[in-house]
Structures are given as C-alpha cells and as structure tokens.
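Here's a quick tour of one protein structure, pitched for someone just starting out. Keep the picture open while you read and try to find each spot as it comes up.

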Amino acid sequence: MTLFSGIGGVSALDEDTLQFYRNHARAYAERAIAKHTRLTRFLALLPPGAKVLELGCGAGAASAEMIAKGFDVEPTDGSPEMAAEASRHLGRPVPTLLFHDIDKADTYDGVWANACLLHVPRPELAQVLTLIWRALKPGGYFYASFKTGDAEGRDVFNRYYNYPSADWLRTSYANAGSWSSISIETGEVMGFDNLRAPMLFIVARKASEFRAPGAA
Ligand code: SAM
C-alpha cells in the first residue's frame, strides 16, 4: 500500500552517481567485502526475526548475513542492475527502490543503509531521513554510514557525496523526526576508488512516543 508519494515529487538522487552503479554493477558486486562488525552490533539491538529494510544493498552481502541469522529482510537498491546482482546472490527477488520512494509507515524494526545515503544531495537528505523515520516502528533502529567532510563533492568516478560533518548530520536527523537516541562513531573504510576515507557511522532510535517531524 502506498502511503506517501515520495517527497513532493522531488528526486533525492544524483543521476551521474546512479548511472555509475547501473554501468558497473557486476564489477562492484565482484569486489571482496570485509565482514561487517557494525552489522553484528546492529542486529544485536533487534529482536529475533525482526523486520529489516536494507537500502542501497549493492550486491546483497549484508542482506545475506541477515537472512542467514533469521531476520525478515527486505533488500532493495535504486539501481535495477545492482538489484539484479543482489537477486542473483540471494536467490530471491530484490526490488528496485529509490530512497525518495520509500512509502511505508511504522513497518520496520530496523533500517540498514550502509554507504548509500552518502550519495543523497544535501538539500534532500533531511526529507529522505523523514521517510525512513516514518517507515520505522516506534523504537526501531536505523543505521547509516557517511564519508565525512565539510562540503559536498565528487570522487574520481564522478559519484556525488554529501560529505557531512557530525554536527551537520545531527541537525539533519533532528529535522527529520523524533529520535530517542543518536550515536555517531568515527572510522575509516577503503572505497571502490581504493582510497581510505574517514567515515561517520550513525545509529538512531525512533522515539517510542509519536511526535511529528520538526515538532519541539
Ligand atoms: N550498501 C552496499 C555496501 O555496503 O556494499 C552498497 C554501497 S554502494 C557504495 C551505494 C549503493 O547505493 C549502490 O548499490 C547504489 O546503486 C545505491 N544507490 C545510489 N543512489 C541511490 C538512490 N538514490 N536510491 C537507492 N539506492 C541508491
């Protein structure tokens, strides 16, 4: 059932970035992925068999781990070619879902968005976060990771990055809904461009009591 028609017709995507993933889905899927200790910690926050939406799932490695651990996972990606790679890997259909088309309310115990919301243009990030906040059940957990910096920019593949600071990110979350907790850790990852990038890893919990986004 569609409850929301995106964010007022605004496309929260960067065409060149999405085109990169459409054109390089196989190469991206074939690269080795290190085991994700943050996923293990995130899953420990959730009840057994919890319902989890994965955004920007890439080739589906995180969803494979969640399925193996008995979680009720919905893997999705905004690139049809990448979703097809994930579908091949997982042996189940993987829908194409663009961030601004998330249309569920109070549905998921968890949302996992590793290294994908970092491609949302800065002006639209709070709106996408609002859709994620709505999609979570009260008390649900939301993980995302971002390459950090002071200003938006592009990499050697012309992929767009929002490069937030921790303060900028906290403000964006605060503008997107009511959270009972927000924690940010720092670290580094090796990107597809073979460069180490400083990262922000953020876990937020939707408040149990309903308060509309922006309400004091
Ligand atoms: N989460 C995976 C991982 O950790 O390996 C893939 C990360 S990859 C850096 C970013 C993913 O986000 C790609 O699979 C890409 O297709 C997807 N993506 C980019 N823009 C998107 C959008 N606007 N909506 C949904 N997915 C998008």
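The notes below go from the sheet to the ligand and then to a handful of single residues. Keep in mind that this is a predicted model. At the heart of these notes is an open sheet of six strands with mixed pairing, and there is also a ligand with 20 residues surrounding it.

**The sheet as a whole**

- If you walk across the open sheet, the six strands come in the order E2-E1-E3-E4-E8-E7.
- The edge strands are E2 and E7 (179-190), and each of them pairs on one side only.
- From one strand to the next, the twist averages 15 degrees.
- Helix H6 (residues 122-135) packs on this sheet, where it touches E3 (108-113), E4, E7 and E8.
- The direction of H6 makes about 145 degrees with that of E4.

**The E1 and E2 end**

- Strands E1 (residues 51-54) and E2 run parallel, and four bridges join them.
- One pairing to look for is Glu54, whose bridge partner in E2 is Pro75.
- Add helix H4 (residues 61-68) to E1 and E2, and you get a right-handed β-α-β unit.
- Strand E2 (residues 72-75) has two faces: Val73 and Pro75 make up the covered one, while Asp72 and Glu74 make up the uncovered one.

**The E4 and E8 pair**

- Here the pairing is antiparallel: seven bridges link strand E4 (residues 136-147) with strand E8 (residues 196-206).
- To find your way around E8, look for Met199, which has Lys147 standing opposite.

**Around the ligand**

- Which residues are closest to the ligand? They are Tyr21, Tyr28, Gly56, Asp77 and Asn114.
- Gly56 has a backbone N or O atom 2.7 Å from a nitrogen atom of the ligand.
- For Gly78, a backbone N or O atom lies 3.1 Å from a ligand nitrogen atom.
- Phe99 joins in with a polar backbone atom, 3.2 Å from a nitrogen atom of the ligand.

**Two strand residues: Val52 and Thr186**

- Is Val52, a residue of strand E1, buried or exposed? Its relative accessibility is 0%, so it counts as buried.
- Beyond its neighbours within four places in sequence, Val52 is in contact with a list of residues including Leu46, Met66, Phe71, Val73 and Trp112.
- Val52 and Glu188 sit 136 residues apart in sequence and 25 Å apart in space, C-alpha to C-alpha.
- Now try Thr186, which lies in strand E7: this residue counts as exposed because its relative accessibility is 64%.
- Thr186 still has contacts: not counting residues up to four places away in sequence, it touches Arg38, Met199, Leu200 and Phe201.
- Thr186 is 38 residues from Thr148 in sequence, and their C-alpha atoms are 9.0 Å apart in space.

**A helix residue: Pro123**

- You'll find Pro123 in helix H6, and it counts as exposed because its relative accessibility is 63%.
- Pro123 and Ala12 are 111 residues apart along the chain, yet their C-alpha atoms are separated by 8.5 Å.

**Loop residues worth a look**

- Thr107 belongs to the loop between helix H5 (80-90) and E3.
- Why is Thr107 called buried? Its relative accessible area is 18%, and buried means under 20%.
- The side chain of Thr107 reaches the backbone oxygen of Ala105 at 2.8 Å.
- Setting aside neighbours within four places in sequence, Thr107 is in contact with Lys51, Ala135, Leu136 and Lys137.
- Tyr163 sits in the loop between strand E6 (160-161) and helix H7 (166-174), and it has a positive phi of about 40 degrees although it is not a glycine.
- Asn194, placed in the loop between E7 and E8, also isn't a glycine but has a positive phi, about 60 degrees.
- With a relative accessible area of 61%, Asn194 is exposed.

Terms used. Residues are numbered from 1 along each chain as its sequence is written. This is a predicted model: local features need pLDDT of at least 70, side-chain atom pairs count only at pLDDT 80 or more; totals for chains, interfaces and linings use all residues. Side-chain values use heavy atoms; hydrogens and water are left out. Buried means under 20% relative accessible area, exposed over 50%, partly exposed in between (1.4 Å probe, protein chains only). Two strands pair if DSSP finds at least two bridges between them. A crossover is right-handed if, with the strands pointing away from the viewer, the path from the first strand over the helix to the second runs clockwise. Axes are lines fitted to C-alpha atoms, for helices over the stretch in contact, and angles run from 0 to 180 degrees between N-to-C directions. Contact means heavy atoms within 4.5 Å. A residue is near a molecule or strand if one of its heavy atoms lies within 4 Å of it. A polar contact is a pair of N or O atoms within 3.5 Å; within protein, one must be able to donate a hydrogen and the other to accept it, and residues adjacent in sequence count only if both atoms are side-chain atoms.
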